[in-house]
Amino acid sequence: MELTRRHALAGAAALAASPLLSNSPAKAAAPLADKQAPSFYRYKVGDAQVNAISDGASTFPLPDSFVLNAKKEEINAALEKAFLPKDKVTIYYSPLVINTGGKLVVVDTGMGAANFASSKGNSGQFAGNMVAAGFDPKSVDMVVISHFHGDHINGLLNAENTLAFPNAEVLVPAAEWKYFMDDGEMSRAPAGRMETVFKNARRVFDAGLKKKVTPYEMGKDVAPGLQAVATLGHTPGHTSYILSSGSEKLFIQSDVTNHPALFATNPGWHLMFDQDPAMAEATRRKVYDMLVADKMRVQGFHYPFPANGFVEKDGNGYRLVPAPWSPVI
Ligand SMILES: [Zn+2]
């Protein structure tokens with residue numbers, strides 16, 4: 001401590017005395033960029049190329065019922081333990097563009113281009129960042145949807161409510177389609193959030209896509225090397241994927257956990273957005289035990305960008321160990 005402080009003081013004194021500093025030209029007064037660089041990250045899984053593309057993030061005050069079975073002070077303690085500010089949450093969104101078996105496959109689509117303006121650029125970045133990463137939305141062959149929450153489906157439409165991926169087949173979980181397109185289920189949905197989820201799914205799939213989708217079944221390949229895995233609970237048809245190429249595998253968890261600092265650390269916590277919290281918890285524990293046992297790399301839609309790493313056991317829960325950034329593919 002003493003050494004560090006003395007070192008810092010000496011450093012400051014040296015800087016103040018520096019002739020370089022006092023004589024430095026006005027270059028440093030040039031305006032700093034006020035935007036982050038386009039955020040995307042590529043890595044290989046066997047011969048497949050995975051591109052994590054940031055859709056941005058949303059920050060909001062910690063809701064009273066964010067975790068149904070934990071007190072606010074417990075949530076704040078978990079946030080502080082993870083070096084995150086208290087009393088607010090930042091939720092990240094990371095759709096994928098995967099080049100696999102000669103197909104260009106988008107997995108989930110983010111908050112949508114209309115959200116880019118309404119969020120003042122904080123989210124809805126997927127469309128722009130995808131182009132910055134070198135992908136033309138017209139070249140996308142397939143869009144695979146994990147579940148029907150707005151942060152996963154709204155990007156199917158662009159800001160003018162036309163198709164964001166005009167040449168792509170849109171693949172949706174059959175169970176999710178059956179549930180959210182059922183008028184009886186919709187009429188029984190509680191007012192408030194669930195009603196909004198139903199209405200938004202109808203807006204996107206009825207008005208937007210005119211129901212032109214291909215439902216897929218669990219356990220089947222939805223795209224070359226991309227197998228659908230039932231991870232139910234968050235929604236009735238919630239799906240994860242195993243991407244396999246050669247001897248390598250990646251688990252794409254979708255929303256098995258939301259922010260890992262809260263829900264990997266505390267797998268028993270019930271997120272307010274989990275439709276069947278007990279089933280979501282059972283799924284979470286099963287998936288994370290599998291990730292630990294198999295040492296499988298995992299990509300998480302709501303993990304901090306670039307949203308991938310490995311999972312280890314940590315006390316009564318789990319810890320996400322981010323994969324090291326590689327400057328080359
Ligand atoms: Zn989500």
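In the next few minutes I will go through the zinc site of this structure and then its cavities, keeping in mind that the model is predicted.

Let me begin with the metal. The zinc ion has as its protein donors Asp151, through OD, His152, through NE2, Asp255, through OD, and His302, through NE2, and these lie 2.1 to 2.4 Å from the ion. Along the chain, the donors follow the spacing D-H-x102-D-x46-H. Two of them, His152 and His302, link distant parts of the chain, being 150 residues apart, with His152 in helix α6, residues 150-153, and His302 in the loop between β14 (297-300) and β15 (308-314). His152 is buried, at a relative accessible area of 0%, and His302, at 2% relative accessibility, also counts as buried because the cut-off for that word is under 20%.

What is the geometry of the site? The angles among the 4 donor atoms run from 87 to 173 degrees, and the site is irregular. It does not count as tetrahedral, because that would need all angles to lie between 85 and 135 degrees.

Now to the cavities, of which a search of the whole structure finds 2 of 30 Å³ or more. The largest holds about 50 Å³ of space, and its lining, which includes Ser94, Asp108, Gln299 and Phe301, has 5 nonpolar, 3 polar and 1 charged residues.

The second largest cavity has a volume of about 40 Å³, and its lining divides into 3 nonpolar, 4 polar and 3 charged residues. Among the residues that line this second cavity are His234, His238, Asp274, Arg284 and Asp255, and Asp255 is also one of the donors of the zinc ion.

Technical notes: Residues are numbered from 1 along each chain as its sequence is written. This is a predicted model: local features need pLDDT of at least 70, side-chain atom pairs count only at pLDDT 80 or more; totals for chains, interfaces and linings use all residues. Side-chain values use heavy atoms; hydrogens and water are left out. Donors are N, O and S atoms within 2.8 Å of the metal (3.2 Å for Na, K and Ca); water is not among the atoms, so sites may look incomplete. Four donors count as tetrahedral if all angles lie between 85 and 135 degrees; four count as square planar and six as octahedral if opposite donors are over 155 degrees apart and all others between 65 and 115; anything else is irregular. Helices (H or I, at least four residues) and strands (E, at least two) are DSSP runs, numbered from the N terminus. Buried means under 20% relative accessible area, exposed over 50%, partly exposed in between (1.4 Å probe, protein chains only). On a 1 Å grid over the protein atoms alone, a cavity is a set of points where a 1.4 Å probe fits but cannot get out, and a pocket is an open set with protein on both sides within 12 Å along at least five of seven lines; lining residues have an atom within 4 Å of a point. Grid points are joined across faces, edges and corners, and a volume is the space filled by probe spheres set on the points. Ala, Val, Leu, Ile, Met, Phe, Trp, Tyr, Cys and Pro count as nonpolar, Asp, Glu, Lys and Arg as charged, and the others, Gly among them, as polar.
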